[in-house]
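Here are a few exercises to work through with the model open next to you. Try each task before you read its solution.

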Amino acid sequence: MRPVSVWQWSPRGLLLCLLCSLCLGSPSPSTDPEKRAGSQGLRFRLAGFPRKPYEGRVEIQRAGEWGTICDDDFTLQAAHVLCRELGFTEATGWTHSAKYGPGTGRIWLDNLSCRGTEQSVTECASRGWGNSDCTHDEDAGVICKDQRLPGFSDSNVIEVEHHLQVEEVRIRPAVGWGRRPLPVTEGLVEVRLPDGWSQVCDKGWSAHNSHVVCGMLGFPSEKRVNAAFYRLLAQRQQHSFGLHGVTCVGTEAHLSLCSLEFYRANDTTRCPGGAPAVVSCVPGPLYAPSSGQKKQQQSKPQGEGRVRLKGGAHPGEGRVEVLKASTWGTVCDRKWDLHAASVVCRELGFGSAREALSGARMGQDVSKRYECANFGEQGITVGCWDLYRHDIDCQWIDITDVKPGNYILQVVINPNFEVAESDFTNNAMKCNCKYDGHRIWVHNCHIGDAFSEEANRRFERYPGQTSNQII
């Protein structure tokens, strides 16, 4: 294996990747209930936020202590084993860098290496229980297929604190449901529970609660509502209350992080003397670019500090930059968390932050940063498939069978435009390269629409053209 710091994607390569994954498939799990009772002495659970019931940060209880798994050398094969430990048929993906938030306690496993056919994670190779050089910022997570193993006993799978969780929240208009323009900014607060959508009792409901609900739905702030109108309307309608006692500080990024009390299924006196909680949210400039708002923005003092996002492919994401003394600069990621990110998001006219990225994930500011490392099964195999992690800039290309000579190296990224980008013109590159059996020289590279007629003619005349496979 010899390192070449490029990505090589092509339509043919992508097709081969899909074909190979279909041929290999995922390891066939054992469905014997006795064998699938879980690892002896271990208990497993999925934790973190935000997540669905079949995904999350993997936590293992060993010797009465809960801990996590480091993402070093973690692969889809390890995710298959862990998902089966959790009672699911297989994994559909895995996450790294504490995607579901950092855990606490011990990091039980590091450099976990599984074939994918193991009956238990104890059969996989690792550095040993509790032997790790990672931090919780490297906690691994899994995304399991939402399909349970036949006969699996849930006694080994523990949901966090055995509590119900609020996975989804929406605002439902009290009148004219289905005929309102999007986005809906005012109406009843509804939460999705295992038995369906339910309303929230407004007893003790505060402006802090409304602030959190509006923020998690993408709105920068809340405003007062006509409580008398909604209480009168509530007397004429049937309601299903599933949540009460909501107490938020106001800085939470999600309603599930607030103090909550759930109604019992057999409670017949739900929300006595109360009504459904109602919120009214203020849409940001992205959804309400009215002339009044534009005038208000233009009337700001010239010396006032400004914030912007750069390097993101979608609205509302990017590297945080601040204007001070007529110079744009960046923000250090030390102690950068959801609370701080939410302040920036709301200042820009969005809601609460979904994720606080660190480590210059959206690129560094006038200088470039490349991250190259060996993360286990990682690289491009000629004529087969591409295994990669999206946050690594360098790939390994297997050129074991390539003879010394002159070649053309073509790199195509995102050929079918399946990933949203702010600019697609720089996704293709051609370079002349020379390989002497020990080293590679790459030169005369052209990116995207920079191919001139003269450049293409030079490529056509380049030695090795007839023996080179160009897609």
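**Exercise 1.** This is a predicted model, so treat everything below as a reading of that model. Is F229 buried, partly exposed or exposed? Then look at Y230 and work out how the two rings sit.

*Solution.* Start with F229: its relative accessibility is 41%. Buried needs under 20% and exposed needs over 50%, so F229 counts as partly exposed. Next comes Y230, which has a relative accessible area of 13% and is therefore buried. Now take the rings: the centres of F229 and Y230 are 5.1 Å apart and the planes make an angle of 75°. Planes over 60 degrees apart count as edge-to-face, and that is the label for the F229 and Y230 pair.

**Exercise 2.** Classify the ring pair of F74 and W94, and say which parts of the chain it ties together.

*Solution.* The model has three aromatic pairs in total. For F74 and W94, the ring centres are 5.3 Å apart with the planes at 45°, so this pair is tilted. F74 belongs to the loop between β4 (65–69) and α2 (76–85), while W94 is in strand β5, so the pair links parts that are 20 residues apart in sequence. As for accessibility, F74 is buried at 2%, and W94 is partly exposed at 21%.

**Exercise 3.** Find H96 and describe its surroundings.

*Solution.* Go to the loop between β5 (91–95) and β6 (106–109), and there's H96. Its relative accessible area is 9%, so H96 is buried. Now check D139: H96 and D139 are 43 residues apart in sequence, yet their C-alpha atoms are 6.3 Å apart in space.

**Exercise 4.** Which strands stand at the edges of the sheet β15-β16-β17, and why?

*Solution.* First write down the order: β15-β16-β17, an open sheet of three strands with antiparallel pairing. β15 (306–310) and β17 (327–330) each have a single partner strand, so one side of each has no neighbour in the sheet, and these are the edges. Neighbouring strands here are turned by 35° against each other on average, direction ignored. Now zoom in on β16 (residues 319–324), which pairs with β17 over four bridges. One bridge to look for is K324 with T327 in β17.

**Exercise 5.** Over which rings do the charged ends of R148 and R308 sit?

*Solution.* R148 has its charged end over the ring of F88, 4.3 Å from the ring centre. For R308, the ring is that of W328, with the charged end 3.9 Å from its centre.

Note on methods. Residues numbered from 1 in each chain as written. Predicted model: local features only at pLDDT ≥ 70, side-chain atom pairs only at ≥ 80, totals over all residues. Heavy atoms only, no water. Pairing = 2+ DSSP bridges. Helix = DSSP H or I, 4+ residues; strand = E, 2+ residues; numbered from the N terminus. Axes fitted to C-alpha atoms, helices over the stretch in contact; angles between N-to-C directions. Buried < 20%, exposed > 50% of the residue type's maximum accessible area, 1.4 Å probe, protein only. Phe/Tyr/Trp six-rings, centres within 6.5 Å; stacked < 30°, edge-to-face > 60°. Lys NZ or Arg CZ within 6 Å of the ring centre and 35° of its normal.
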